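Work through the exercises below with the sequence and the model open. Each task is followed by a solution in steps.

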Amino acid sequence: MNKTRLFKKSLLAVTITTATLASQHALAAGFQLNAQSATGLGRAFAGDAVIADNASVMARNPAAMALFDEMELSLGLTSITSMIEVKDAQYTVFNGSGYTTSSSNYDDAGDTSFVPNIHLVVPVNDKFAWGVNAYSNFGTKTEFDSSFAASEYGGLTDVKSFNLGLAGSYRVNEQWSFGAGLDLIYGEGTLKRTTSPTLSAVLTSGASTSFTALDTKADGWALGFNVGTVFELDDKNRFGFSYRYSPDLEAEGNITKLGTTYENDTLHMPLPDMAEFSGFHKIEDTKFAVHYSVQWIGWSEFDKLTADKAGHINNYEWQDGMHYSIGGTYYLNSDWTLRAGYMHDTSAQDQVTSISVPDSDRNWFSAGFTYHIDDKSNVDFGFTYLMGEDVKVDESTQSPSNPNLTLSSVSATTHADAILMGLQYSRSF
């Protein structure tokens with residue numbers, strides 16, 4: 001095998017590995033950004049599976065629809081701004097006869113996305129209610145431009161997911177309510193990678209400074225379900241539990257692997273199941289309530305990525321994650337409701353890390369308010385600053401024909417923060 005062919009196969013292998021890993025990360029992995037409610041955003045989603053202050057609760061727990069006496073509509077928009085930094089980065093590349101090392105720092109690979117949501121809950125009688133909604137569990141973009149020296153480890157990842165839901169709830173008695181729903185999930189992703197100028201010069205015998213290693217787009221649908229229950233101890237204390245099943249998402253598109261393009265291939269992307277327990281307690285003879293949530297996310301579903309034609313693409317070795325959140329609500333007067341919350345969110349990654357997937361444990365600091373326009377309508381605003389941690393990353397590309405030959409490598413520290421802001425209008429009928 002000649003050197004040019006060897007480089008092409010090796011670099012296509014590593015770039016499709018990092019790109020598909022990033023797409024999984026973006027759809028539902030360690031940098032998960034909730035966007036279904038401005039109200040929940042303002043309290044770090046503490047108690048969101050049971051509070052039921054507007055129709056968006058059906059996205060967390062279908063049983064909570066039983067808490068409504070009137071038809072309720074919520075319309076919202078969330079902006080998600082991610083700030084991704086690569087620092088202390090050293091990129092080492094084989095230039096055909098030896099190795100060259102250069103700095104590969106990058107100030108900001110994040111972007112801003114706007115994610116809409118709509119929720120409608122319709123009580124039929126004092127026992128049964130149904131609802132429909134549309135929202136996204138993700139909406140952001142990660143992009144490294146041509147100034148990033150280790151470009152085969154960066155590039156463009158633009159992934160979106162949309163959830164269309166239909167659910168129903170049934171009140172058994174004054175204490176217990178149950179609910180269930182279906183989730184129709186649509187996902188799409190655009191992934192692009194190019195090699196560094198040094199490797200490009202070798203690949204093209206000096207004729208070009210740009211070599212496209214990966215350029216693909218895939219989309220697909222999946223069908224999941226969710227179930228939940230609510231227990232009302234009394235009118236001031238209640239608990240909620242929900243479980244969401246997420247199947248593999250089958251995304252169809254052209255996949256390039258090891259120099260071969262597989263047209264109309266199907267990529268099987270595993271999505272995590274989730275379970276959540278929430279509590280809400282209005283303190284007697286006060287205007288204050290405390291609420292909390294514990295959520296489990298089955299990130300260990302990301303053990304590997306495969307395609308029907310291209311076959312095995314990559315191993316992940318991710319671990320399950322947890323969210324722990326606590327918040328408070330202050331009912332100031334008939335016009336204003338104030339809220340705040342904190343969440344600790346554990347990383348999905350364990351031993352395997354990546355520049356294109358800047359994952360870590362995260363801390364959410366949230367605040368928000370509701371302004372009641374009248375007794376039928378209100379406006380919500382929520383703000384969250386999400387703080388990540390520094391993570392040490394070491395990635396390398398080995399020659400498939402000679403495991404002792406490292407074609408390129410990068411050593412760096414990644415850090416990812418995010419700002420989320422949500423605005424929402426709710427009305428009862």
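**Exercise 1.** State how many salt bridges the structure holds, and trace the one between arginine 171 and glutamate 232.

Solution. The structure holds 12 salt bridges, each being a side-chain nitrogen of Lys or Arg within 4 Å of a carboxyl oxygen of Asp or Glu. The model is predicted: local features need pLDDT of at least 70, side-chain atom pairs count only at pLDDT 80 or more, and totals for chains, interfaces and linings use all residues. Residues are numbered from 1 along each chain as its sequence is written, and side-chain values use heavy atoms, with hydrogens and water left out.

Step 1. Arginine 171 and glutamate 232 meet through their side chains at 2.9 Å, N to O. Step 2. Arginine 171 belongs to strand 5 and glutamate 232 to strand 7 (residues 212–234), so this pair ties together parts 61 residues apart in sequence. Strands are DSSP runs of E, at least two residues, numbered from the N terminus. Step 3. Arginine 171 has a relative accessible area of 15% and is therefore buried (under 20%; exposed is over 50%, partly exposed in between; 1.4 Å probe, protein chains only). Glutamate 232 is also buried, at 14%.

**Exercise 2.** Describe how strand 17 pairs with strand 16 and strand 18, and find the salt bridges that involve these strands.

Solution. Step 1. Strand 16 (residues 336–345) and strand 17 (residues 362–372) run antiparallel, joined by 10 bridges; strands pair if DSSP finds at least two bridges between them. Glycine 341 has serine 366 of strand 17 as its bridge partner.

Step 2. Strand 17 and strand 18 (residues 377–387) are likewise antiparallel, with 10 bridges, and a hairpin of four residues joins them. Here threonine 370 is partnered by aspartate 380 in strand 18.

Step 3. Aspartate 380 also forms a salt bridge with arginine 339, with the closest N and O atoms 3.3 Å apart. This pair links strand 18 to strand 16, across 41 residues, and both residues are buried. Arg339 and Asp380 are linked with Arg43, Asp48 and Asp53 in a network of salt bridges.

Step 4. Arginine 362 forms a salt bridge with aspartate 345, at 2.8 Å between the closest N and O atoms. Arginine 362 lies in strand 17 and aspartate 345 in strand 16, so the pair ties together parts 17 residues apart in sequence. Both arginine 362 and aspartate 345 are buried.

**Exercise 3.** Is glutamate 152 buried or exposed?

Solution. Step 1. Glutamate 152 sits in the loop between strand 4 (128–143) and strand 5 (156–171). Step 2. Its relative accessible area is 0%, so glutamate 152 is buried. Step 3. Glutamate 152 and serine 356 are 204 residues apart in sequence, and 10.0 Å apart in space, C-alpha to C-alpha.
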